[in-house]
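The following note collects comments on the model for a colleague's reading. The points are numbered so that each may be taken up separately.

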Amino acid sequence: MRHEEINDRIVIQENELLSQLFCDLIKPFPPPPRDTTKIGLKNYEIEIKRITDSVQYEVYLVDSLTMPDKSDFHNIELPIEFQELYNNFKNDTLTKSRKLIKETIIVKDNYTIITDFKIDSTYIEKIRHHNLIGIARFSRVSFNSDFTKACFLQSLSCGPESGGGLFVFAEKVDTQWKIVLRHLIWVS
């Protein structure tokens, strides 16, 4: 396969992965439940689903997929199938940043992606009232050779003193991407 064909395939796979995982990656989490009994946890799960399916959310999305900084990588222990992928990602010097076209990211009806945004006086107010999740950033995605495993960096800023960054490890089962592991690398 030529380099252009491989790059095109990677871009298609990145768009597919981000579309399938986007809402799970950026959905807000309510405070933990007070009732930790089996029934309490089930009610909490039902309430989370009701809230995340009924509220209209906005997400500011940085419109480029970048390569993580070398300082983002740490020595972490991973399952063997992801360790090699993570190490390859860490040592990748060829992959370059690319523009992310928001129309290639398909999300649930109650999520609106905004790429042309400004941080102004309404930003904090929107976050406080939970209709703005925050500013989401994603790195380029590192795939294994058969495009069934993936690793990428995600960060979400939810205000001036709230946010975090993590490496996400995903696996494709049949035609669906599933998050297998998240490894937190920073939090504020």
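1. Glu-16 lies in helix 1, which covers residues 3-26 of this predicted model. Is Glu-16 buried, partly exposed or exposed? Its relative accessibility is 26%, and because the partly exposed class runs from 20% to 50%, Glu-16 counts as partly exposed. Beyond the residues within four places in sequence, Glu-16 is in contact with Lys-172, Thr-175 and Trp-177. Gly-134, 118 residues away along the chain, has its C-alpha atom 22 Å from that of Glu-16.

2. Which residue does the side chain of Lys-172 meet in a polar contact? The partner is the side chain of Glu-16, at 2.6 Å. Lys-172 itself belongs to strand 8, residues 163-173, whereas Glu-16 belongs to helix 1. With residues up to four places away in sequence set aside, Lys-172 touches Gln-13, Glu-16, Phe-147, Thr-148 and Trp-177. Trp-177 thus appears among the contacts of Lys-172 and among those of Glu-16.

3. Strand 8 continues into a hairpin with strand 9, with 2 residues between the two strands. Asp-174, in the turn, has a positive phi of about 60°. The pairing of strand 8 with strand 9 (residues 176-187) is antiparallel and extends over 10 bridges. Val-173 stands opposite Gln-176 of strand 9.

4. Strand 1 (residues 57-61) and strand 4 run parallel and are joined by 4 bridges. One bridge partner pair consists of Glu-58 and, in strand 4, Thr-112. In a regular strand, side chains alternate between the two faces of the sheet. Strand 4 (residues 111-114) shows such alternation: Tyr-111 and Ile-113 point to one face and are buried, while Thr-112 and Ile-114 point to the other and are not buried.

5. The largest nonpolar core holds 28 residues, of which Leu-17, Leu-18, Phe-22, Ile-26, Phe-138 and Phe-152 touch the most other members. At least two residues of this core come from each of helix 1, strand 1, strand 4, strand 5 (132-138), strand 7 (149-157) and strand 8. Helix 1 gives the most, with 7 residues. Leu-17, not counting neighbours within four places in sequence, is in contact with Val-141, Phe-143, Ala-150, Phe-152, Ala-170 and Trp-177. Another core lies apart from the largest one; it has 13 residues, including Met-67, Leu-78, Phe-89 and Ile-185.

6. As for the overall architecture, the protein has 4 helices and 9 strands, in the order α-α-β-β-α-β-β-α-β-β-β-β-β from the N terminus. Its radius of gyration is 17 Å, close to the 16 Å given by the globule rule for 188 residues, so the protein is as compact as a globular protein of that length. The C-alpha trace spans about 50 × 40 × 30 Å along its principal axes. Of the 188 residues, 38% count as buried. Among contacts between residues at least 6 apart in sequence, 65% join residues at least 24 apart.

7. On confidence, the mean pLDDT of the protein is 85, and 94% of the residues reach 70 or more. Which elements have the lowest and the highest mean pLDDT? The lowest value, 70, belongs to helix 4 (residues 122-128), and the highest, 95, to strand 6 (residues 142-143).

Note on methods
Residues are numbered from 1 along each chain as its sequence is written. This is a predicted model: local features need pLDDT of at least 70, side-chain atom pairs count only at pLDDT 80 or more; totals for chains, interfaces and linings use all residues. Side-chain values use heavy atoms; hydrogens and water are left out. A polar contact is a pair of N or O atoms within 3.5 Å; within protein, one must be able to donate a hydrogen and the other to accept it, and residues adjacent in sequence count only if both atoms are side-chain atoms. Contact means heavy atoms within 4.5 Å. Buried means under 20% relative accessible area, exposed over 50%, partly exposed in between (1.4 Å probe, protein chains only). Two strands pair if DSSP finds at least two bridges between them. pLDDT is the predictor's confidence in each residue, from 0 to 100. A nonpolar core is a set of buried Ala, Val, Leu, Ile, Met, Phe, Trp, Tyr and Cys residues joined through side-chain atoms within 4.5 Å. The radius of gyration is taken over C-alpha atoms; the globule rule is 2.2 Å times the number of residues to the power 0.38.
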